[in-house]
Amino acid sequence: GDVRIMWYSDGGEGDVIKDLLSRFSKANPDVNVILDEVSYNVVKEQLPVQLEAGQGPDIARVTNLKAPAQHWLDLRPYLADAKYWDDNFGAQADWMRPDGSNAITGFMTQLTLTGGFANKTLFDQAGVEIPGPKATWDDWAAAAKKVADSQKVIAMAIDRSGHRVSGPNISYGANYIAADGKPAPIDQGAKDFLSRFVKWNEDGTINKDVWVSAAGSTYRSGAEDFINGGLAYLYSGSWQISGFAQKIGDNFDWVVTGSPCGPVACSGMQGGAGLVAVKYTKNPKDVAKVMDYLAGADVQKEFAERSLFIPAHKGVASGRLDFKTDNPHVKAALKAFVESAGQTAAPAMKLPGWKWSDAYYSAIVARISQVVAGEMKLDDAYARIDEDIKAKVAGN
Amino acid sequence: MSGLELKNIVKNFGSVEVIRDVSLAVNDGEFVAFVGPSGCGKSTLLRLIAGLDKPTGGNIVIDGNDVTDITAADRGLAMVFQSYALYPHMSVRENLAFGLENTKVAKAEIEARIADAARMLEIEPFLQRRPGQLSGGQRQRVAIGRAIVRRPDAFLLDEPLSNLDAELRVSMRTELAALHARLKATMIYVTHDQVEAMTLADRIVVLRGGRIEQVGTPLELYNKPANRFVAGFIGAPHMNFLEGAIIGHEGGSTQVETVGGHRLSVVAREACPVGERISIGIRPQHITLADAGATTRLDTRIILVEELGSETVVHAEAAGKKLIAVFAGQQQMKSGDSLPLKLDPEVLHLFGEDGRRLS
Amino acid sequence: MSGLELKNIVKNFGSVEVIRDVSLAVNDGEFVAFVGPSGCGKSTLLRLIAGLDKPTGGNIVIDGNDVTDITAADRGLAMVFQSYALYPHMSVRENLAFGLENTKVAKAEIEARIADAARMLEIEPFLQRRPGQLSGGQRQRVAIGRAIVRRPDAFLLDEPLSNLDAELRVSMRTELAALHARLKATMIYVTHDQVEAMTLADRIVVLRGGRIEQVGTPLELYNKPANRFVAGFIGAPHMNFLEGAIIGHEGGSTQVETVGGHRLSVVAREACPVGERISIGIRPQHITLADAGATTRLDTRIILVEELGSETVVHAEAAGKKLIAVFAGQQQMKSGDSLPLKLDPEVLHLFGEDGRRLS
Amino acid sequence: MTAKTVSSEPPVKSALRQALNAPVRLLMGIVDIPMRAWQKLTGLNGMAGVFLAPNMLIFTVFVLLPLVINFIYSTTSGSAIFLPNRTYVGADQYRILFDCRSYLDPSTCAADTFWAAVRNTAVFVVFQVSVMLIAALTTALILNRELSNRGFWRAVFFFPVLLSPVVVGLIWKWILQREGLLNYALSPLGLEPFSWLSDRFWSFFFAVFVSVWAHMGFYALILLAGLQAIPKDLYEAAAMDKASPTRIFRRITLPLLMPNLIVVLVLALIRAVQIFDEVFVLTGGGPGTSTMYITQYIYETGFASSLRNPGLASAASILMGIVLVILTLIQLGVSARNEKKGTR
Amino acid sequence: MSAVGAFLLRRRGRGWHWTDIVTWIWLISGVFLMFGPAVWLVFSSFKTPAALAEFPPSFLPYVTEQAVVPGYDKPLPLYNVTMPDGSTRVLAEVRRIGIVGQMVDPKQPGEIVKANIKDRTPVRKVEFASGNYTEPFQRFDFFLFLRNSVFVTVAATAITLLVNSMAAFALSKYQFPGRTAVMLMILATLMVPLSVIVVPLYSVIGTLNLFDSLWGVILPTVATPTGVFLLRQYMLTIPDELIDAARMDKASEWQIYWRIILPLSAPALAVLAIFSVVWRWNDFLWPLIVLSRKELYTLQVGLNVYAGELNVQWHYILAMTVVSMIPVVLIFVFLQRFITTGIAGSGLK
Ligand SMILES: Nc1ncnc2c1ncn2[C@@H]1O[C@H](COP(=O)(O)OP(=O)(O)OP(=O)(O)O)[C@@H](O)[C@H]1O
Ligand SMILES: Nc1ncnc2c1ncn2[C@@H]1O[C@H](COP(=O)(O)OP(=O)(O)OP(=O)(O)O)[C@@H](O)[C@H]1O
Ligand SMILES: [Mg+2]
Ligand SMILES: [Mg+2]
């Protein structure tokens with residue numbers, strides 16, 4: 001029967017999956033796989049509507065995995081080898097299934113990891129040493145500031161995203177999850193980092209533009225200045241790599257530095273997109289067949305190598321990866337990210353599978369950027385963050 | 001169709017009373033002219049008959065049926081609008097064809113009728129033009145053409161010839177008369193041109209201020225105007241009115257005294273008591289030059305001479321009262337001259353103080 | 001202003017030649033009437049003078065200055081449009097005031113002039129209304145009013161009285177004449193009404209097909225039309241034309257033969273060779289009833305009698321040729337009767353084969 | 001009286017047109033048969049019904065009905081999307097929106113962002129609509145002049161309308177960012193690069209500017225059509241009346257353009273209140289919340305996050321709708337009074 | 001100056017009136033302000049992703065010039081290098097190590113010259129990255145999407161024009177009870193943006209089984225209050241007397257509508273047609289919701305695959321924006337002719 005896949009692309013992965021699927025189709029003429037390529041917005045805004053109407057594709061590539069988890073299909077009964085799945089994708093399986101279930105609903109097509117990018121050339125020109133692996137946020141800020149002052153560029157930027165600052169928050173000891181699983185009020189750890197963050201914005205260490213350039217929870221990347229060599233240090237994530245490779249080219253050297261440390265950890269945040277099966281499919285068997293194929297180690301490896309993604313597949317990740325690029329920066333960067341995955345702190349590991357993480361993230365971005373823009377006092381912002389989250393919890 | 005009847009028609013625009021209780025019967029095939037001063041309600045009456053406006057009161061009966069609530073399209077009339085109302089986006093030909101297409105006339109027949117009308121109206125060279133590319137008179141002819149190609153049961157024509165030159169007007173008049181004779185259609189014709197009204201109409205309706213003043217054949221109106229208004233309105237130049245009084249009846253005649261003590265003896269109007277104040281009406285054409293020695297002459301002084309070529313209009317003054325006289329041909333008169341006039345007592349009109357004709 | 005001069009004006013609309021080489025000088029303060037058949041280019045010429053259209057060729061000189069490239073607003077003329085062109089969104093008062101406000105006339109003065117014009121035009125009751133709430137004639141009067149309140153150096157009037165009733169037309173005519181006398185403004189006046197042209201104009205310009213046929217005083221045109229066209233155009237009903245030939249010159253007179261061998265002896269036109277084919281023009285007013293026994297009578301048969309009250313227009317036929325005669329008063333004639341006519345040889349007009357007057 | 005040349009088409013062209021018209025005519029003729037029958041039956045007002053019916057049918061199903069459903073949404077809570085899955089809470093959502101300690105100070109409200117958005121929107125609308133009106137009117141007036149290459153000039157001013165809001169926002173963002181085209185163009189003047197969109201005043205300024213830039217062509221076109229519909233002979237009459245261009249504009253053009261001006265005013269107002277996409281792309285609502293407008297608030301609350309609150313969003317949209325209805329009624333009331341005076 | 005003036009304006013009088021100057025300024029600044037960014041957009045659509053991200057942005061699409069130097073497999077980028085002695089040379093960069101570039105002279109490939117990267121600027125030339133255009137064409141069913149878009153646009157515009165003009169006719173030329181109420185209702189619904197009623201509308205579409213059908217895209221858009229309002233206001237300016245004349249010509253109301261009112265509303269219809277085409281062609285949000293199958297995608301939906309979560313491939317989006325704009329521009333150019341001299345008044349006296 002028909003299997004429709006709703007797929008969005010951040011880069012060239014659409015072409016890769018097309019390739020892989022066409023191979024599948026040749027081998028399985030009875031299954032008609034159709035790839036509906038859509039924009040991320042469709043996945044984000046329309047898919048939930050379709051799902052709630054009991055419609056939608058058979059398989060979808062989504063990033064918001066947890067909240068609509070009741071719509072995902074439990075593949076376990078249809079899979080040839082459920083253990084293979086548990087072994088290789090078990091770490092993230094919880095991100096995409098209802099709390100307390102052991103369903104296998106899909107797998108992560110890619111893992112993303114937050115981390116820092118340094119413009120090595122700028123550091124070199126300024127004669128500043130790039131801080132080492134144990135360097136703290138304060139160290140990084142100081143070093144970047146020095147580069148900035150000497151090279152007349154901006155020191156640091158952090159993407160405008162609650163997810164992005166959560167890694168540092170956790171490194172400073174934050175914990176979002178209360179004992180009952182509901183959101184906890186914002187704690188001292190988070191305040192420690194956020195107050196630094198605000199201060200850096202005010203003193204010009206961090207490029208204020210990124211955070212003030214939007215309201216609400218809108219995502220803004222700080223990458224533009226980095227690409228143009230106007231930024232010494234960017235805290236963003238692994239998804240930037242291929243874009244940087246393409247756009248920066250040979251203009252300067254850049255390195256991935258993992259996440260800076262706080263008193264408690266040197267954590268980044270994990271994330272990524274998952275490919276999940278949808279409960280409302282008419283051909284669960286065929287869906288499982290497709291999923292099984294795509295989850296295969298070879299396929300996973302090829303997919304990761306060609307789309308320059310960090311694989312979620314345990315076996316593949318721990319094996320040797322030969323990323324298909326001739327850009328030395330990219331290879332190094334991917335390697336650095338794969339390594340730093342191990343640094344992720346435990347509380348950070350929980351967040352992607354936690355129902356209220358989005359409420360937390362968006363409250364933080366919205367309010368902190370108001371502080372940065374000078375509309376609000378930091379203390380009021382903390383209060384508002386708590387209120388906003390409470391309202392979200394109450395409204396659902 | 002067997003004629004048209006208006007029953008106690010009243011029309012108000014907001015608080016403005018425009019038509020006040022008009023009743024009129026028009027026979028099948030009759031040619032009726034509406035005349036009256038500007039703004040007296042002629043066009044309004046036409047629009048009511050057409051069904052374009054709804055009367056505030058009263059009924060309209062066509063062909064024995066009450067059509068007061070019937071839409072314009074279903075009344076089967078054709079109208080020439082005072083403002084032409086040509087379809088600006090259609091060529092002249094399309095303007096003419098539109099009404100015919102609506103009634104599903106065959107193509108060939110449409111062509112024939114348009115050719116016919118265009119010839120009659122002398123608009124053949126312009127058939128491809130739009131109204132905006134025509135002169136005023138040409139537009140007006142298209143407006144007429146639009147009505148006549150339809151060959152309806154009845155025509156409503158609102159000053160259809162007002163913007164045509166004299167020659168064309170005469171020929172159109174003749175064509176309209178011929179058309180009327182041929183189609184035997186009822187025609188209601190609004191005009192300001194006395195000649196048109198007199199020559200075309202079977203009956204003339206004189207309106208004033210939304211009321212009918214008199215209905216009659218042209219010569220009836222001319223010879224026996226029902227009141228001073230009609231008398232003044234019909235005939236050009238207008239009738240002269242002199243204030244006067246009846247001073248006695250004598251044999252078959254009545255003695256009347258007027259301006260400057262001038263006395264006239266007119267056909268007996270016995271009904272009028274001696275001493276009653278009256279107006280004496282006399283048409284400019286009925287004033288002649290008095291013989292040098294005549295006793296009953298009216299001495300006047302010329303104040304203005306208008307030479308029309310074929311006739312001369314003389315404005316004169318007698319005892320502060322203005323008089324107009326028309327003389328045939330071109331006269332050697334000039335303003336300031338004194339002019340002894342004779343009023344023909346045979347054709348005098350007498351009107352009472354209320355304006356009604358005394359007869 | 002010291003008059004207006006048109007020099008070789010040409011105007012084409014696309015490929016249509018509308019004005020072909022018109023040259024004309026109008027003196028300061030003169031009253032000139034433009035007459036001509038519908039579509040001959042009168043309005044176009046007026047618009048060219050006004051500056052609303054640009055001539056395709058030629059120059060316009062006002063007051064000694066070439067104004068061909070000057071905009072309408074800067075020429076200082078006022079115009080009554082044939083289509084009125086009233087501002088639909090303004091009340092009558094505002095319509096009248098607009099031009100005055102533009103030229104910064106004082107408030108009180110504006111009021112006074114509007115009151116003046118409104119009285120003269122009898123539109124006082126409607127000053128608060130919008131044009132859409134007026135009758136055709138009322139609108140036309142507003143259009144006149146808009147021009148006259150301006151008191152410009154020159155007026156351009158395009159059939160300003162066409163939609164008014166006879167009485168009003170006479171009074172407006174008088175008012176315009178008075179206005180002209182008072183303001184001493186140049187007036188160019190387009191009309192289809194012969195009486196208006198004859199009575200108002202100092203000179204009449206006869207146009208045909210975009211060309212000037214003749215310019216002259218009213219009586220000049222009436223008495224000595226330059227050609228057959230002018231002769232036929234001026235005078236109502238139009239002049240009768242009979243085909244004929246010159247058969248000889250004799251003493252002080254020339255012998256002419258016409259329909260049915262009817263012979264006439266007219267004032268000598270020696271220039272014309274014997275045998276030349278000519279048209280003989282005679283005005284309907286100059287045809288009289290022949291005495292019963294007269295020898296030089298034209299025997300005709302009546303085909304149509306039009307009773308106008310003050311006169312009777314008789315259409316008759318002689319040897320297949322139509323003739324119109326006008327008799328004063330009401331006649332006891334009817335169609336089919338035979339009618340012996342006499343043509344007054346004193347007032348005959350002769351035209352050559354090319355239409356030019358023979359004199 | 002327009003002085004236009006006779007358009008004598010070549011016979012081939014007119015024959016072609018006739019041929020193309022024929023099927024349309026036939027179709028319309030066929031439609032006419034039932035229409036006539038209906039007209040016989042119901043008279044003119046019945047025909048009004050016929051003319052309205054198709055529009056009103058589609059309209060009711062696809063616009064009115066959803067609107068009613070939307071209202072019902074505003075009385076429910078939860079993140080579920082379909083009504084049956086939602087819980088009825090009465091006026092709670094409205095209570096949340098109106099929960100303020102002081103109505104004068106938005107920051108004391110529970111929904112402080114909502115009120116900030118309301119205030120921002122109000123200010124934005126006032127400025128944007130007036131700038132829009134003036135710019136569109138000026139453009140229309142100028143395009144209405146006797147220009148050569150009219151088509152080209154119209155296209156110039158209309159072009160931005162063809163761009164999707166996202167692209168519009170993007171172009172201007174590129175122009176306005178710190179290292180954007182504008183700073184580059186200003187650098188010869190010795191001006192330091194400036195983050196235009198991170199400045200409260202300038203981001204507001206450019207929000208207004210860019211939205212006017214993007215939509216002006218739309219309104220100018222409406223006005224242009226309206227201008228062209230004004231009979232030329234009135235301008236001729238005005239010229240004879242020695243009216244200056246300003247007076248012609250004030251006394252002839254403006255009043256006769258009024259019906260179309262009303263369209264523009266109403267539409268511009270409504271669309272200004274609903275402003276979203278291009279400003280969202282441009283400023284994202286920043287700096288801070290200073291260019292965050294009501295639609296963005298609705299969008300953020302109701303759709304953007306995975307924990308959406310459609311009930312609150314609906315309530316906010318209903319409030320916005322009510323305000324708009326009142327504003328429009330006022331405008332139409334004013335114009336209706338003018339219309340009544342101006343019956344032609 | 002006056003030559004330009006003559007080019008711009010066909011003017012009646014002599015000399016410059018202040019309105020001419022305003023016109024002139026407005027038009028010229030229009031070209032820069034209105035058209036400039038759009039032209040820039042077109043040029044940008046030919047830029048490589050790297051050039052797009054570059055600051056300060058250039059107007060034309062530039063790429064760094066490259067030269068094939070003997071001894072090196074790949075073409076090397078060329079730079080203008082300021083030498084220590086102040087002279088400048090054009091050199092090809094072999095590799096860059098930190099802040100030092102190793103350069104060779106293409107003519108003397110043997111010798112390596114070291115240069116600080118601060119002292120070199122790329123040699124650039126204008127080059128149009130046509131790949132932005134060709135790649136999307138290869139990658140997806142452009143013509144299928146185009147067909148869907150054309151269908152949606154044409155059908156929606158045709159229905160919009162018909163249905164709206166009928167309603168506008170009724171609302172402008174008939175006096176029937178409830179007329180104001182209908183008008184107000186129509187206007188009132190203008191107030192709520194589509195994004196707000198998307199969910200309810202979605203349920204309606206679902207109920208009607210129009211989900212995943214192009215008609216589901218078309219129908220909700222055709223009863224636009226904007227169109228009714230726009231046409232109605234324009235029709236108010238058509239003289240009623242023409243309708244009277246048509247009624248006298250025995251035209252049915254339907255004929256009056258399509259033979260008198262429609263042609264006379266041509267300017268407003270043209271405006272609405274332009275708008276409708278633009279809107280429907282660019283419609284994105286709504287088709288996205290209704291259409292979930294690729295076979296039914298319209299261009300705008302199809303093109304949006306380039307908008308990912310974290311990365312947007314602007315070079316493709318810009319290129320495809322330009323492509324998808326071409327038909328609309330052509331339609332505009334064609335339809336704007338109809339916005340010419342209103343003639344409604346000229347049939348009247
Ligand atoms: N736009 C145009 N295109 C072509 N021909 C035109 C145009 N406007 C006018 N004409 C023609 O020019 C001629 C002169 O028109 P004009 O309006 O001057 O006539 P007129 O003498 O005023 O006639 P009337 O007495 O009927 O008003 C007419 O034959 C008319 O058909
Ligand atoms: N909409 C209106 N509101 C108020 N009064 C009106 C309206 N329409 C017409 N009138 C008045 O009604 C009266 C009759 O108008 P109508 O058009 O019937 O006159 P008319 O006899 O045709 O005059 P004319 O010979 O000038 O055309 C006029 O006095 C006019 O002012
Ligand atoms: Mg009338
Ligand atoms: Mg004329």
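Colleague: Which of the 21 residues around ligand 1 come nearest?

Modeller: In this predicted model, those are B:Arg129, B:Ser135, B:Gly137, C:Ser43 and C:Thr44.

Colleague: What makes the ligand 1 site shared between chains?

Modeller: Residues from chains B, C and D surround ligand 1, so the site counts as shared.

Colleague: How do you know that C:His192 makes a polar contact with ligand 1?

Modeller: The cut-off is a pair of N or O atoms within 3.5 Å. A side-chain N or O atom of C:His192 sits 3.0 Å from an oxygen atom of the ligand, so the pair qualifies. C:Glu159 gets there too, with its side chain at 3.4 Å from a ligand oxygen. For C:Lys42 it's a backbone N or O atom, at 2.7 Å. On its own, ligand 1 has 640 Å² of accessible area, and the protein covers 95% of that. Two or more shell residues come from each of α4 (136-148) of chain B and α1 (42-50) of chain C.

Colleague: What makes B:Ser43 and B:Gln82 donors to the magnesium ion (ligand 3)?

Modeller: Donors here are N, O or S atoms within 2.8 Å of the metal. B:Ser43 (OG) and B:Gln82 (OE1) coordinate at 1.8 to 2.1 Å, so they pass. B:Ser43 lies in helix α1 of chain B and B:Gln82 in the loop between β6 and α2, so the pair ties together parts 39 residues apart in sequence.

Colleague: Are those two buried or exposed?

Modeller: B:Ser43 and B:Gln82 are both buried, meaning under 20% relative accessible area.

Key:
Residues are numbered from 1 along each chain as its sequence is written. Chains are lettered from A and ligands numbered from 1 in the order in which they are written. This is a predicted model: local features need pLDDT of at least 70, side-chain atom pairs count only at pLDDT 80 or more; totals for chains, interfaces and linings use all residues. Side-chain values use heavy atoms; hydrogens and water are left out. Donors are N, O and S atoms within 2.8 Å of the metal (3.2 Å for Na, K and Ca); water is not among the atoms, so sites may look incomplete. Helices (H or I, at least four residues) and strands (E, at least two) are DSSP runs, numbered from the N terminus. Buried means under 20% relative accessible area, exposed over 50%, partly exposed in between (1.4 Å probe, protein chains only). A residue is near a molecule or strand if one of its heavy atoms lies within 4 Å of it. A polar contact is a pair of N or O atoms within 3.5 Å; within protein, one must be able to donate a hydrogen and the other to accept it, and residues adjacent in sequence count only if both atoms are side-chain atoms. Accessible areas come from the Shrake-Rupley method with a 1.4 Å probe; for residues, only the protein chains shown count as cover.
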